[in-house]
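Please open the model in your viewer and keep the sequence panel beside it. The tour goes from one selection to the next, with a short account of what is there at each stop.

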Amino acid sequence: EAATTGNRRSASISKFLWLSDLHLDPFYGTLDAAGQPGAYCAQENAPHEGQLGCDTPLQLLNETLQQAAKDDAMKSSLTFVVVTGDMCRHQTDQLDQPVETTKEILSRV
């Protein structure tokens, strides 16, 4: 919102956190994980912070949001958070229950 002061306009500035293209994969680290050929997404010992060629593990998203919540400078300056597009993992259509899996993924975001 902007306020007019004489001939000058002053605007309040909003800061926000924008999360996009999460591709959250609740099956990361299991045989049902989505990933590119050669990536180790489907291994039980897959790194919890994720890796190139894999969709986002839930633990990575949770740790990212927890870290942001601990950052006092970020918390005090943010006006809002925006989460846009591509929240579900790749290859969801290849799972046994794609609709239920999509609902589960969206409930966690």
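In which strand does Asp-25 lie? Before selecting it, bear in mind that this is a predicted model. Asp-25 belongs to strand β4, which covers residues 24-25.

**Stop one: Asp-25 and its surroundings**

With Asp-25 selected, consider its accessibility: the relative value is 1%, and the residue therefore counts as buried, the cut-off being under 20%. Now show the side chain of Arg-89 as well, since the side chains of Asp-25 and Arg-89 make a polar contact at 3.2 Å. Which residues is Asp-25 in contact with, once its neighbours within four places in sequence are left aside? They are Ala-33, Ala-34, Asp-55, Thr-56, Pro-57, Leu-58 and Arg-89, and adding them to the selection displays the surroundings of this buried residue.

**Stop two: two residues with positive phi**

Select His-23 next, which is found in the loop between β3 (15-20) and β4. His-23 is not a glycine, although its phi is positive, at about 45 degrees. Is His-23 buried or exposed? Its relative accessible area is 14%, and His-23 is buried.

Then move to Asp-86, in the loop between β6 (78-84) and α3 (98-108). Asp-86 is a residue other than glycine with a positive phi, near 45 degrees, and at 45% relative accessibility Asp-86 counts as partly exposed.

**Stop three: the aromatic rings**

How many aromatic pairs does a search of the whole structure find? The search finds two. For one of them, select Phe-16 and Trp-18: the ring centres are 6.4 Å apart and the planes stand at 45 degrees, so the pair is tilted. Phe-16 is partly exposed, with a relative accessible area of 39%, whereas Trp-18, with 55%, is exposed.

Keep Phe-16 selected and add Phe-80; the centres of these two rings lie 5.1 Å apart with planes at 5 degrees, so this pair is stacked. Phe-16 in strand β3 and Phe-80 in strand β6 are 64 residues apart, and the pair links distant parts of the chain. Phe-80 counts as partly exposed, at 37% relative accessibility. With Phe-16, Trp-18 and Phe-80 shown together, you have one aromatic cluster on the screen.

**Stop four: the disulfide**

Which cysteines form a disulfide? Select Cys-41 and Cys-54, whose sulfur atoms are 1.9 Å apart; a search of the whole structure finds one disulfide. The torsion about their S-S bond is about -95 degrees, so the disulfide is left-handed. Both cysteines lie in the loop between β4 and β5 (56-57), so the pair ties together parts that are 13 residues apart in sequence. Cys-41 and Cys-54 are both buried.

While cysteines are in view, you may also select Cys-88, which has a relative accessible area of 18% and is buried.

**Stop five: Thr-101 in helix α3**

For the last selection, go to Thr-101, which lies in helix α3. Thr-101 has a relative accessible area of 6%, and is buried. If its neighbours within four places in sequence are again left aside, Thr-101 is in contact with Phe-27, Thr-92 and Leu-95, and you can show these three residues around Thr-101 to end the tour.

Conventions. Residues are numbered from 1 along each chain as its sequence is written. This is a predicted model: local features need pLDDT of at least 70, side-chain atom pairs count only at pLDDT 80 or more; totals for chains, interfaces and linings use all residues. Side-chain values use heavy atoms; hydrogens and water are left out. Helices (H or I, at least four residues) and strands (E, at least two) are DSSP runs, numbered from the N terminus. Buried means under 20% relative accessible area, exposed over 50%, partly exposed in between (1.4 Å probe, protein chains only). A polar contact is a pair of N or O atoms within 3.5 Å; within protein, one must be able to donate a hydrogen and the other to accept it, and residues adjacent in sequence count only if both atoms are side-chain atoms. Contact means heavy atoms within 4.5 Å. Rings of Phe, Tyr and Trp (its six-membered ring) pair if their centres lie within 6.5 Å; planes under 30 degrees apart count as stacked, over 60 as edge-to-face and the rest as tilted. A disulfide is a pair of cysteine sulfur atoms within 2.5 Å.
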